[in-house]
Number of protein chains: 2
Amino acid sequence: MPRRTPSAAELHRRAVATYVAAGGEESVQRVITAVQSLTKKLDQWYARQLADLDVTAGEWAVVTSLAKAAEALTPSQLADLTNVAPSSMTHRLDKLADRGLIERTPDAENRTRTYISLTHEGWELFSLAIRGSDVVETDVLQDLGDDERGELARLLEVVIARLDDIDA
Amino acid sequence: MPRRTPSAAELHRRAVATYVAAGGEESVQRVITAVQSLTKKLDQWYARQLADLDVTAGEWAVVTSLAKAAEALTPSQLADLTNVAPSSMTHRLDKLADRGLIERTPDAENRTRTYISLTHEGWELFSLAIRGSDVVETDVLQDLGDDERGELARLLEVVIARLDDIDA
DNA sequence: ACAGAAGATTTCGATATCGAAATATTAGCA
DNA sequence: TGCTAATATTTCGATATCGAAATCTTCTGT
């Protein structure tokens with residue numbers, strides 16, 4: 001018989017122990033493991049929320065990429081930003097265009113290139129989903145005081161700043 | 001012409017601004033956005049590293065789940081842990097079993113159930129990949145002092161502890 | 001003991017994704 | 001100019017994933 005589901009905190013402890021036993025450094029694994037399990041939980045919630053709007057995680061990734069870019073992007077750029085093969089993007093964009101969330105605009109200056117942009121409906125969907133997910137996200141951070149939340153953000157941003165320099 | 005690729009830090013700033021403009025709370029978005037872009041980068045590195053070992057991200061998720069559980073799991077549990085449909089797990093396990101990384105053991109007490117466990121080779125692959133990824137992970141956290149790293153871990157663990165209570 | 005509900009895994013048809021090749025355009029350069 | 005290389009997107013065949021249904025086993029209640 002499978003035993004009772006352990007708490008997230010307990011799973012985290014075990015995961016860190018496992019990684020350390022396999023040769024990882026403890027302080028590193030505590031951070032990385034926590035970041036990953038947090039993302040995993042968030043992804044589950046987003047998936048449910050997006051299902052209500054009849055949008056897949058992959059489609060949502062396209063919408064947010066366009067929203068964040070604040071300018072038109074090419075299919076290749078979107079494929080790159082969303083970690084997917086360029087050939088897969090074609091079909092995704094077809095579906096999104098059919099639903100009226102994005103539109104393709106051929107580049108007049110370079111006819112091999114197509115620009116993708118959010119339609120008004122696309123922006124509305126984005127805004128709607130963000131307001132919904134902000135609720136869950138706020139809940140997740142509830143146990144952190146204002147100062148702690150700021151400190152957490154600061155530390156993460158130090159890490160982010162380093163991302164480009166690695167592996168290059 | 002597409003302009004120069006912005007830095008991760010710059011992308012982060014913009015993303016937060018976009019989410020705030022769409023109705024998100026700033027201190028929340030700073031944290032959540034940072035966590036997600038960090039995970040995305042890590043996933044890219046893992047994918048490359050795993051490709052060298054001829055393992056997909058999905059297969060790796062199965063291996064780590066088994067390693068962390070430290071006991072045999074059923075296909076359903078694995079599907080749940082790795083966010084995939086139970087029917088998809090069947091084929092994944094077939095492939096992993098063909099490669100000798102896992103093995104299926106029928107449960108003697110309940111013949112509808114099958115237990116999946118890592119083989120010796122499975123453990124070796126796990127250990128090898130962990131030692132490899134620890135290198136990158138350590139690099140990522142390089143700009144944080146020991147105390148800062150500890151504080152980051154602590155804050156994240158506070159958040160983790162709350163995950164179970166949400167949405168239930 | 002037995003009928004029906006619940007559970008676990010697999011099979012099946014439809015769809016999504018991948019990598020490689022095809023197509024079309026632009027850029028570099030002799 | 002004209003030829004080759006590079007770039008952007010799409011098409012194509014193979015594989016992976018999904019949700020629903022099928023199969024088999026165990027549990028529940030009478």
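This passage describes how two chains are arranged in a predicted model and how charged side chains pair within and between them.

The symmetry of the pair was examined first. Chain B is superposed on chain A by a rotation of 180°. The shift along the rotation axis is 0.0 Å, and the RMSD is 0.0 Å. The two copies are thus related as by a two-fold rotation axis. The interface was then compared between the copies. Of the interface residues of chain B, 100% are also interface residues in chain A, so the copies meet through the same surface.

Salt bridges were considered next. Side chains of opposite charge can pair when their charged atoms come close. Over all chains, the count comes to 17 salt bridges. One of them joins B:Arg154 to A:Glu148. The closest N and O atoms of this pair are 3.1 Å apart. This salt bridge crosses between chains. B:Arg154 lies in helix α7 of chain B, which spans residues 146–162. A:Glu148 lies in helix α7 of chain A, also residues 146–162. B:Arg154 has a relative accessibility of 34% and counts as partly exposed. A:Glu148 is partly exposed too, with a relative accessible area of 23%. Neither value is under 20%, the limit for a buried residue, and neither is over 50%, so both residues fall in between.

A salt bridge also links B:Glu148 with A:Arg154. Here the closest N and O atoms are 3.1 Å apart. This pair again crosses between chains, from helix α7 of chain B to helix α7 of chain A. B:Glu148 is partly exposed, at 23% relative accessibility. A:Arg154 is partly exposed, at 34%.

A:Arg154 has a further partner within chain A. Its side chain meets that of A:Glu151 in a salt bridge, with an N to O distance of 3.2 Å. Both residues belong to helix α7 of chain A. They are three residues apart, about one turn of the helix. A:Glu151 has a relative accessible area of 26% and is partly exposed. A:Arg154 therefore takes part in a salt bridge to A:Glu151 and in another to B:Glu148 of the partner chain, while remaining partly exposed.

Another group of charged residues was found in chain A. A:Glu10, A:Arg13 and A:Arg14 are linked in a network of salt bridges.

Methods:
Residues are numbered from 1 along each chain as its sequence is written. Chains are lettered from A and ligands numbered from 1 in the order in which they are written. This is a predicted model: local features need pLDDT of at least 70, side-chain atom pairs count only at pLDDT 80 or more; totals for chains, interfaces and linings use all residues. Side-chain values use heavy atoms; hydrogens and water are left out. Copies are superposed by least squares on the C-alpha atoms of residues with pLDDT of at least 70 in both. Contact means heavy atoms within 4.5 Å. A salt bridge is a side-chain nitrogen of Lys or Arg within 4 Å of a carboxyl oxygen of Asp or Glu. Helices (H or I, at least four residues) and strands (E, at least two) are DSSP runs, numbered from the N terminus. Buried means under 20% relative accessible area, exposed over 50%, partly exposed in between (1.4 Å probe, protein chains only).
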